[in-house]
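This report describes charged side chains and their pairing in one protein chain. Please consult the sequence and the structure shown here.

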Amino acid sequence: DFFELEDGSLAARVTPGEHHQSYPGRVHGGICAALLDETIGRAINVSEPDTWAVTVEITTRYKKPVPYDATLTVTGRVTENNRRLFTGEGEILLPDGTVAVTATAKYMKLKLTDIADFEANGESWQCYPYDTDPDEIELPEA
């Protein structure tokens with residue numbers, strides 16, 4: 001689940017499990033990259049709700065091991081935006097606020113119908129609010 005923050009960025013709270021590990025006790029780097037890619041890529045929806053995009057490039061930097069069975073905060077924000085492309089950045093924060101992984105990425109804006117045939121599959125992406133959604137997310141400080 002993704003949450004829009006007051007500063008215009010996007011955040012997600014995730015708790016990877018043992019099946020997401022690489023080395024014992026650590027989340028696989030590819031899982032971390034995917035979490036950042038998805039969060040940064042969806043950050044455009046805060047300012048442009050009908051905009052969809054595909055990843056052009058992503059650079060990921062691993063600063064600390066990421067444990068599984070811990071609630072992580074993943075953030076993403078748009079840093080540059082034009083008609084066809086946008087660039088963003090994000091990080092994975094450990095429960096104590098330590099930045100464990102950072103990423104910068106570039107995305108090409110496309111129509112949803114150019115990305116996938118959602119209508120034919122009866123699928124759609126939309127906001128599903130839950131009673132358990134937090135009213136506020138406070139980002140941990142290191």
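E38 is partly exposed, with a relative accessibility of 35%; the term covers values between buried (under 20% relative accessible area) and exposed (over 50%), computed with a 1.4 Å probe and protein chains only. Its partner R42 is also partly exposed, at 24%. The model is predicted, so that local features need pLDDT of at least 70 and side-chain atom pairs count only at pLDDT 80 or more, while totals for chains, interfaces and linings use all residues. Residues are numbered from 1 along each chain as its sequence is written, and side-chain values use heavy atoms, with hydrogens and water left out.

The side chains of E38 and R42 form a salt bridge with an N to O distance of 2.8 Å; a salt bridge requires a side-chain nitrogen of Lys or Arg within 4 Å of a carboxyl oxygen of Asp or Glu. Both residues belong to helix 1 (residues 29–42), where a spacing of four residues separates them by about one helical turn. Helices (H or I, at least four residues) and strands (E, at least two) are DSSP runs numbered from the N terminus. By the salt-bridge rule the count comes to four, including those tabulated here.

| Pair | N to O distance |
|---|---|
| E38 and R42 | 2.8 Å |
| E89 and R77 | 3.3 Å |
| E91 and R77 | 2.8 Å |

Which residues are linked in a network of salt bridges? They are R77, E89 and E91. E89 lies in strand 5 and R77 in strand 4 (residues 72–81), so their salt bridge ties together parts that are 12 residues apart in sequence. E91 also lies in strand 5, and its pairing with R77 in strand 4 ties together parts 14 residues apart. R77 is partly exposed at 25% relative accessibility and E89 is partly exposed at 31%, whereas E91 counts as buried at 16%.

A negative surface patch is formed by E6, D7, D135, E136 and E138. Patch residues have over 30% relative accessible area and no salt bridge, and like charges are joined within 9 Å. D7 is in the loop between strand 1 (2–4) and strand 2 (10–14), and is exposed, with a relative accessible area of 61%.

As to confidence, the chain has a mean pLDDT of 89, with 90% of its residues at 70 or more; pLDDT is the predictor's confidence in each residue, from 0 to 100. Among the elements of the chain, strand 5 (residues 85–93) has the highest mean pLDDT, 98, and helix 4 (residues 118–121) the lowest, 55.

Key: Patches are made of residues with over 30% relative accessible area and no salt bridge: like charges are joined within 9 Å, nonpolar side chains (Val, Leu, Ile, Met, Phe, Trp, Tyr) within 5 Å. Accessible areas come from the Shrake-Rupley method with a 1.4 Å probe; for residues, only the protein chains shown count as cover. Lys and Arg count as positive and Asp and Glu as negative; His and the chain ends are not counted. The place of a charge is taken as NZ of Lys, CZ of Arg, CG of Asp or CD of Glu.
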